[in-house]
Amino acid sequence: MSEQSVAFRYAKSLIGLAAEKGVVEKVHEDMKFFDQVCDENRQLVLALKSPIVKHLQKLSILTAIFKDKVDPVTFSIFEIITKKNREKILPAIAEEFQRQYALYKGIQKAEITTVSPLTDAQKAEFIRLVTEATGKTVELVEKVNPELIGGYVLRINDRQIDTSVKARLNDLKVSFLQ
């Protein structure tokens, strides 16, 4: 079974348990915190993936870092995963939990890349457009990329709308080469 499908199952179970216990928001914050720690500390991720480091040592590392900082429901998944010798998928579980949380809350993430930062009115317009298209609450992630020259690139899940000048120039280049 692939790592992603295993992570999906654990994340789905975790969100179900968190909902049952009434701590979905706290577990969500904990998983964001875990993601952040993994992003900032490559050595932790390498230790979790290492076949040389024993499982009890991995659990003691997780205990030292997270035991007093996360909800018991969150820490229970760390213990379960470690006892099943699957610590290497903890980062994937945290990422999948973020997706499951978005589904649970009806949140649609959209990524907009522009040449310069958007004004509040432009942000509101993009949020309105995505809300109309998806019928969900929109969480807009804004990125700036001067290489686009002009226009924007809007990504929603696996769909992309690219109105950038860079993309149009590339299209012209391809058509001239044919």
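Start with the largest nonpolar core, which has 33 residues. Select Val-27, Met-31, Phe-34, Phe-66, Phe-78, Ile-93 and Phe-97, the members that touch the most other members. A nonpolar core here is a set of buried Ala, Val, Leu, Ile, Met, Phe, Trp, Tyr and Cys residues joined through side-chain atoms within 4.5 Å. Buried means under 20% relative accessible area, exposed means over 50%, and partly exposed lies in between, with a 1.4 Å probe and protein chains only.

Before you go on, note that this is a predicted model, in which local features need pLDDT of at least 70, side-chain atom pairs count only at pLDDT 80 or more, and totals for chains, interfaces and linings use all residues. Residues are numbered from 1 along each chain as its sequence is written, and side-chain values use heavy atoms, with hydrogens and water left out.

Now colour by element. Helices (H or I, at least four residues) and strands (E, at least two) are DSSP runs, numbered from the N terminus. Which elements give two or more residues to the core? They are H1, H2, helix H3 (42-49), helix H4 (55-66), helix H5 (72-83) and helix H6 (90-105). H1 gives the most, with seven residues.

**Stop 1: Val-27 and Phe-66**

Centre on Val-27, in helix H2. Val-27 is buried, with a relative accessible area of 0%. Show its contacts, where contact means heavy atoms within 4.5 Å. Leaving out residues up to four places away in sequence, Val-27 touches Leu-14, Ala-18, Val-73, Thr-74 and Phe-97. Draw a C-alpha to C-alpha distance to Phe-97: the two are 70 residues apart in sequence and 9.2 Å apart in space.

Next, select Phe-66. Again not counting residues up to four places away in sequence, Phe-66 touches Phe-33, Phe-34, Val-37, Leu-44, Phe-75 and Phe-78.

**Stop 2: two helix pairs**

Show helix H1 (residues 3-21) with helix H2 (residues 24-40). Their axes come within 8 Å and cross at roughly 140 degrees. Axes are lines fitted to C-alpha atoms, for helices over the stretch in contact, and angles run from 0 to 180 degrees between N-to-C directions. Angles under 35 degrees count as roughly parallel, over 145 as roughly antiparallel, 65 to 115 as roughly perpendicular and the rest as oblique. H1 and H2 are therefore oblique to each other. On the H1 side, pick Leu-14, Ile-15, Ala-18 and Ala-19, which meet Val-24, Val-27 and Met-31 in H2. By class, this contact has seven nonpolar, no polar and no charged residues. For these classes, Ala, Val, Leu, Ile, Met, Phe, Trp, Tyr, Cys and Pro count as nonpolar, Asp, Glu, Lys and Arg as charged, and the others, Gly among them, as polar.

Move to H4 and H5, which pack at an angle of about 170 degrees with their axes 10 Å apart. H4 and H5 are therefore roughly antiparallel to each other. Select His-55, Leu-59, Leu-62, Thr-63 and Phe-66 of H4, then Phe-75, Phe-78, Glu-79 and Thr-82 of H5, to see the contact. The contact of H4 with H5 has five nonpolar, three polar and one charged residues.

Follow H5 into the loop between H5 and H6 to find Asn-85. Its phi is near 60 degrees, a positive value in a residue other than glycine. At 46% relative accessibility, Asn-85 counts as partly exposed.

**Stop 3: the sheet**

Select the four strands of the open sheet, in the order S2-S1-S3-S4 with mixed pairing. Two strands pair if DSSP finds at least two bridges between them. At the edges are strand S2 (137-144) and strand S4 (159-162), each pairing on one side only. Neighbouring strands are turned by 15 degrees against each other on average, direction ignored.

Add helix H7 (residues 120-134): H7 lies across strand S1 (107-114), S2, S3 and S4, and runs at about 135 degrees to S2.

Zoom in on strand S3 (residues 152-156) and S4, which run antiparallel and are joined by four bridges. Label Ile-156, which stands opposite Arg-159 in S4, and Val-153, whose bridge partner in S4 is Asp-162.

**Last stop: the hairpin turn**

How many residues lie between S3 and S4 in their hairpin? There are two, and Asn-157 in the turn has a positive phi of about 55 degrees. Asn-157 is exposed, with a relative accessible area of 62%.
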